[in-house]
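Subject: A structure for you to explore

Hi,

Here is the structure I promised to pass on to you. Have a look at it first, and then read my notes below.

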Amino acid sequence: PGLPRYTNRLINEKSPYLLQHAHNPVDWYPWGPEAFEKAKKENKPIFLSVGYSSCHWCHVMEEESFRSKEIGEIMNENFVCVKVDREERPDVDKVYMTFVQATSGGGGWPMSVWLTPDLKPFAGGTYFPPEDSAHRVGFRTVLLRIAEQWRQNKDALLENSQKILEALLALSQIRVQGQQSPPRSEEVMPTCFQQLSSSYDEDYGGFSESPKFPTPVNLNFLFTYWALHRTTPEGARALQMALHTLKMMAHGGIHDHIGQGFHRYSTDQHWHVPHFEKMLYDQGQLAAAYTRAFQISGDEFFADVARDILLYVSRDLGDQSGGFYSAEDADSYPTAASSEKREGAFCVWAAEEIRALLPDPVEGAAEGTTLGDVFMHHYGVKEDGNVSPMKDPHKELKGKNVLIVRSSPELTAARFGLEQEQLGALLRESRRRLRAARAQRPRPHLDTKMLASWNGLMISGFALAGATLAKQEYVSRAAQAAGFLRRHLFDPASGRLLRSCYRGEDNAVEQSAAPIQGFLEDYVFVIQALFDLYEASLDQGWLEWALQLQHTQDKLFWDPKDFAYFSSEAGDSSLLLRLKDDQDGAEPTANSVTVTNLLRAACYSGHMEWVEKAGQILAAFSERLQKIPIALPEMARATGVFHHSLKQVVICGDPEGEDTKEMLRCVHSVFSPNKVLMLADGDSAGFLYRRLPFLKSLERKDGKATAYLCSNFACSLPVTSPRELRGLLCP
């Protein structure tokens, strides 16, 4: 007792997801030459299973099928079984997901794919239940059928897999057609706006019925569209759509009102019942989106939500080394004595629990009114639970409540005859008590893998919020995380980024035996983060590192023949395709973000070849941008930045001077999608002065901090007051 019955090779891995399968009866191999050679030697097909640690259906399939001794025996006898954490190896995931989507019309995780010994896919799907049912064929049956097909019709399968591969190659090519120039933003942006506008939910915000994802790329597009069309009815609608969506999300159950942060997505139209996992990439992008919403609207509500996200991340996803963990799981044990995990158990409430925690009578309200009454009214709590059975197929949430703001503070205060300030204090105290009660529950599993790309997105969130909300501690936290990347996920000898590292024994940061090299997205999100961090901190060291990484990115990933960047490096023989992602989803695709990175890099370095590259990427994606820009809202946004050319906002002044700080606060308070900020501090030996000779000609006027607005290295007349500067930034 206490010792696991089975242990496979995954026990030597660092990924929390792979370790979750280390005691399955399945003889799992990690992705690598040992598994491939075994498949060739024994002439067996490979069964590839891809997932990630906070994926609910991955846990279900592991429990139902991969823990089954009988199914394990079928798998071990007929296949070489390989497990991949998609967050460690997005390149492997993308190749086979392209196959699954092309052949089954759908995709998702867990992904199940059968490959020939030379890694070509010939059959695939996602989740399979263990046994046949009236509606679905079971996993055991699928395994036996495929094993039989391999024995009987191997040549046909091999031939077919070759055809499939050729079709995928043709399907996935993104290239410049002839002498194509970048599509005009005057065509791309209005089309993207119209497509978003027609899919917009007028009542609840968001861009679909259900499920509903936060999709910050859509909101950032709308903010930029507003900024470039702010006097038009379309511009006003774009802003209203973005702000309403952010407000409804913040009120919804997708937002954790007790423990802060956002869950991954909502299963319904109202943002009410989420899938409860929390992903680092959502927190980073949403912190930035709520910060921009505050910058534009001045509404403190949005600033509060940004602070709430950053509190959650610092407290629950921060490692002592400065890095950020990847995710928190959706499933957890309802109590310490439970034997079975349930989705959402950590976050949901029975009405009687809330009543027991909040029994106090409320001063000034009608006789007999308790704190619980006020809280339950405000957060939509019902005695028998507020989750529709339709949204709870496994009956895990029966009788439970997912908190959702059902009433405005004004209406709740009026209903109970309270002052608004008093109501605010009562709700704060109620949330504090629920948070303390929740801390006694078993926590969901934490994925302590630290990824360069997602850390980049989070650094941007902290840096933007720090600059806009004038909170130095956020800027310091961003700098601490950037320092972590330099120490643990960067090799100074080769100038290359690594993909991942892990929290190991005694909380030390560990690296796997064969470190995974950084992918395009790691470079792109880290470079974006370093530019954001420079603007927030004005430390030129971050700028220097960003430009160095941009050169490395060009060398490793640029496609000189068809333009744009490949997602992965050349030279990995186990990778059948080098792909270019063409969809901005939960995260923006790397080629979309890199367009703006290249334009910023050119402004900071004078290296104009980067502007040319930005145009070539837009040209390579031209057809998609013209027909369905809604698939690439971040790249559509970048067409606006490209065609309106970036403005360099140069502040000449002493970094410690109050007048300089006042000018910087003015720049940070204005949302302007095509501005690049730099401080000319008079140090002619400094990095920026060496790169940009024109800075030497800019002077302080009458000894005061002075701002210039420059485009293509030609500058406006100097201004010395924040009011005049605001006029330049918001013409």
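Before we start, one term: two strands pair if DSSP finds at least two bridges between them. Please also keep in mind that this is a predicted model.

**A sheet of three strands**

With that term in hand, look at Arg503, whose bridge partner in β17 is Val509. Two bridges join β16 to β17, and these strands run antiparallel. They form a hairpin with five residues between them. In the turn you will find Asp506, which has a positive phi of about 50 degrees.

The hairpin belongs to an open sheet of three strands, in the order β13-β16-β17, with antiparallel pairing. Which strands stand at its edges? They are β13 (449-451) and β17 (509-510); each has a single partner strand, so one side of each lacks a neighbour in the sheet. Between β13 and strand β16 (residues 500-503) there are three bridges, again in the antiparallel sense. Here Leu451 stands opposite Ser500 in β16.

In general, strands of a sheet pair through backbone hydrogen bonds, either parallel or antiparallel.

**A sheet of four strands**

Further along the chain is another open sheet, with four strands in the order β19-β18-β20-β21 and mixed pairing. Its edge strands are β19 (675-680) and β21 (714-715), each of which pairs on one side only. Strand β18 (residues 647-652) runs parallel to β19, and six bridges join them. To find the place by eye, look for Val649, which stands opposite Leu677 in β19.

**Salt bridges**

Side chains of opposite charge can pair when their charged atoms come close. How many salt bridges does the structure hold? The count is 52. Let me walk you through a few of them.

Arg443 forms one with Asp316, and their closest N and O atoms are 3.4 Å apart. Arg443 lies in the loop between α15 (420-438) and β12 (446-447), while Asp316 lies in helix α11 (residues 300-317), so the pair ties together parts that are 127 residues apart in sequence. Is Asp316 buried or exposed? At 15% relative accessibility, Asp316 counts as buried, because buried means under 20%. Arg443, at 45%, counts as partly exposed.

Lys561 and Asp562 form another salt bridge, with 3.4 Å between the closest N and O atoms. Lys561 counts as exposed at 63% relative accessibility, whereas Asp562 counts as buried at 12%.

The side chains of Asp582 and Arg624 also meet in a salt bridge (3.7 Å, N to O). This pair links distant parts of the chain, 42 residues apart: Asp582 is in the loop between α19 (540-557) and α20 (590-605), and Arg624 is in helix α22 (residues 622-627). Asp582 is partly exposed at 26% relative accessibility, and Arg624 is partly exposed at 22%.

There is a network to look for as well: salt bridges that share partners join Asp85, Glu87, Asp447 and Lys449.

**A charged patch**

Which residues gather in a patch of negative charge on the surface? They are Asp654, Glu656, Asp659 and Glu662. Glu662 sits in helix α24 (residues 658-669). With 40% relative accessibility, Glu662 counts as partly exposed.

Enjoy exploring, and write back whenever you like.

Best wishes

Note on methods: Residues numbered from 1 in each chain as written. Predicted model: local features only at pLDDT ≥ 70, side-chain atom pairs only at ≥ 80, totals over all residues. Heavy atoms only, no water. Patch = residues over 30% accessible without salt bridge, like charges linked within 9 Å, V, L, I, M, F, W, Y side chains within 5 Å. Areas by Shrake-Rupley, 256 points an atom, 1.4 Å probe, with all protein chains shown as cover. Salt bridge = Lys/Arg side-chain N within 4 Å of Asp/Glu carboxyl O. Lys, Arg positive; Asp, Glu negative; His and termini not counted. Charge placed at Lys NZ, Arg CZ, Asp CG, Glu CD. Buried < 20%, exposed > 50% of the residue type's maximum accessible area, 1.4 Å probe, protein only.
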